[in-house]
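Reader: Could you give me a friendly, close look at one part of this structure, and then follow the thread to the parts that connect with it? I work at the bench, so please explain each term as you go.

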Amino acid sequence: MKWLFLLLIAFPLQVLAQSKTVLPSEALIEVAIEDNAPVPFTQEMVLLTIRGVYRRHITREELIQPRLDGFSWAQLGPDSWSEQRINGRKYKVFTRRMAIYPVEAGKLTIGPFVHRLTLTDENDDWFEHEIQSEPLTIQVAQAPATKEWWFPVRKLQISDQWSNAPDQLAPGEGVLRVIRLEALGATPEMIPPMPELTSPSALIFAHPEKRLVELTPEGPVTHAFWRWTIRPSNDTSGIVEPLQFSYFDTVARETREVVISPQRIAYGTAIEDAGLGVAEADAPPATLLGWPMAAIAIVVFLAGLGLGLSGHKLAVSRALRRFGVFDPLARELQRSARSGRADRLRQAASAILRRDGPSSSRLKHMQDFDRQYFDPNAAAPDLNAFARVFLRNQTG
């Protein structure tokens with residue numbers, strides 16, 4: 001009897017709740033900007049929350065978005081539904097988060113969002129019902145005039161990473177530098193263009209930049225990757241010049257400067273002290289010269305002796321170096337070219353430059369070789385041709 005009494009009381013309330021008459025307290029939708037939001041500049045992110053609160057059984061639903069004239073926008077993830085207790089009563093709560101970016105200054109109006117619902121009546125029949133939000137007006141200020149890229153962002157994190165120690169490189173080795181930007185509140189097209197990395201004494205090869213975006217409830221997070229391959233030129237240390245750009249901190253409401261420090265690029269001291277740049281374990285075994293080599297040696301010795309007696313000064317070691325068979329570095333260069341070892345070939349060429357002194361023609365050949373060797377998009381250099389030309393051009 002007690003259960004029957006409770007059922008009779010609850011039944012009329014249930015019929016009333018599912019009637020075709022939808023009370024304002026049973027279905028409500030509103031659009032709000034986050035609390036304490038300042039007057040935004042053009043291209044600055046504004047967060048919107050569309051929130052619907054319902055006490056009706058909803059069979060189907062569709063949120064119709066207005067034309068956002070004067071804005072670009074992004075929806076921050078899928079719509080969410082939850083059950084919440086408000087003033088002691090249970091409600092179904094619909095939430096959509098959006099990031100909008102005003103593209104012009106002045107008063108901009110966001111039209112009503114329309115939520116099209118399919119509800120049930122007292123006969124359990126479906127019927128359509130629409131509710132809509134109030135229009136919303138936003139005051140937008142013109143972005144400050146700047147010669148640089150206008151880059152408004154809520155939070156910016158920067159990391160500068162190197163594939164290995166840039167001042168301890170092996171001869172002929174390059175290093176990959178990656179600068180990573182993580183910008184909250186920015187879409188990929190808002191990130192500044194990849195800057196030009198410069199150095200008066202290093203070879204720099206830029207890679208295509210990458211940009212990825214992640215949608216979070218706090219706004220889009222864009223990850224940008226700036227990449228370069230760098231190596232010292234002519235076996236000397238070099239300085240990569242600093243990078244600098246600015247961004248507008250939309251939380252602190254001020255412009256901030258980013259300066260990425262200069263970096264020294266050099267070969268390691270231990271390798272420089274090695275002289276030839278070739279490990280002892282890799283050195284070829286000593287062999288005696290055959291009869292042809294011995295004959296050439298005798299001719300060179302007699303020629304040097306004759307010049308010495310006639311008053312001419314000639315460094316025997318320099319004279320011998322003009323004959324490739326007597327130059328261990330020249331033999332190493334040719335052997336590396338024949339075996340296809342570009343790294344060893346470059347080490348031997350670098351050692352020859354250190355020993356014989358600067359040569360404009362040889363330096364040019366080295367630079368041409370490096371552009372092909374370190375550029376991932378260039379064809380592989382011809383090692384045998386390089387060895388022939390490099391050994392032929394001794395001076396000048």
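Author: Let's start with arginine 55, which counts as partly exposed because its relative accessibility is 37%; buried means under 20% relative accessible area, exposed over 50%, and partly exposed in between, with a 1.4 Å probe and protein chains only. Please keep in mind that this is a predicted model, where local features need pLDDT of at least 70, side-chain atom pairs count only at pLDDT 80 or more, and totals for chains, interfaces and linings use all residues. Residues are numbered from 1 along each chain as its sequence is written, and side-chain values use heavy atoms, with hydrogens and water left out.

Arginine 55 sits in the loop between strand 2 (46-54) and strand 3. Strands (E, at least two residues) and helices (H or I, at least four) are DSSP runs, numbered from the N terminus. Setting aside residues up to four places away in sequence, arginine 55 touches Ser25, Glu26, Arg89, Lys90 and Tyr91, where contact means heavy atoms within 4.5 Å. One of these partners, arginine 89, is 34 residues from arginine 55 in sequence, with 8.9 Å between their C-alpha atoms.

Following the chain out of that loop takes us to a sheet. Strand 3 belongs to an open sheet of 3 strands in the order 3-8-9, with antiparallel pairing; two strands pair if DSSP finds at least two bridges between them. Strand 3 (58-64) and strand 9 (126-132) are at the edges with a single partner strand each, so one side of each has no neighbour in the sheet. From one strand to the next, the twist averages 20°; axes here are lines fitted to C-alpha atoms, for helices over the stretch in contact, and angles run from 0 to 180 degrees between N-to-C directions. Strand 8 (residues 114-120) runs antiparallel to strand 9 and is joined to strand 9 by 7 bridges. Within that pair, threonine 120 faces tryptophan 126 of strand 9 as its opposite number. In a regular strand, side chains alternate between the two faces of the sheet.

Now for the loop on the other side of strand 2. Glutamate 44 lies in the loop between strand 1 (27-33) and strand 2. This glutamate 44 is buried, because its relative accessible area is 4%. Beyond its neighbours within four places in sequence, glutamate 44 is in contact with Ile100, Tyr101, Pro102, Pro152, Phe248, Thr250 and Arg253. The side chains of glutamate 44 and arginine 253 are joined by a polar contact of 2.6 Å. Such a contact is a pair of N or O atoms within 3.5 Å; within protein, one must be able to donate a hydrogen and the other to accept it, and residues adjacent in sequence count only if both atoms are side-chain atoms.

Arginine 253 leads us to a hairpin. Strands 18 and 19 form this hairpin with 4 residues between them, and arginine 253 in the turn has a positive phi of about 60°. The two strands, 18 (residues 243-249) and 19 (residues 254-260), run antiparallel and are joined by 7 bridges. Aspartate 249 is opposite glutamate 254 of strand 19.

The hairpin is part of an open sheet of 3 strands, in the order 11-18-19 and with mixed pairing. Its edge strands are strand 11 (152-153) and strand 19, each pairing on one side only. Strand 11 pairs with strand 18 in the parallel sense over 2 bridges, and there proline 152 stands opposite phenylalanine 248 of strand 18. Pro152 and Phe248 are also among the contacts of glutamate 44.

Finally, here is the wider setting. The protein chain holds 8 helices and 20 strands, and 38% of its 396 residues count as buried. Among its contacts between residues at least 6 apart in sequence, 71% join residues at least 24 apart. As a helical example, helix 5 (residues 328-339) has Leu329, Ala330, Glu332, Leu333, Ser336 and Ala337 buried. They cover an arc of only 160° around the axis, which puts them on the same side of helix 5; the arc is that of the directions from the helix axis to the C-beta atoms. Arg338 and Ser339, on the other side of helix 5, are exposed. The buried residues of helix 5 pack against helix 6 (342-356) and helix 8 (383-392).
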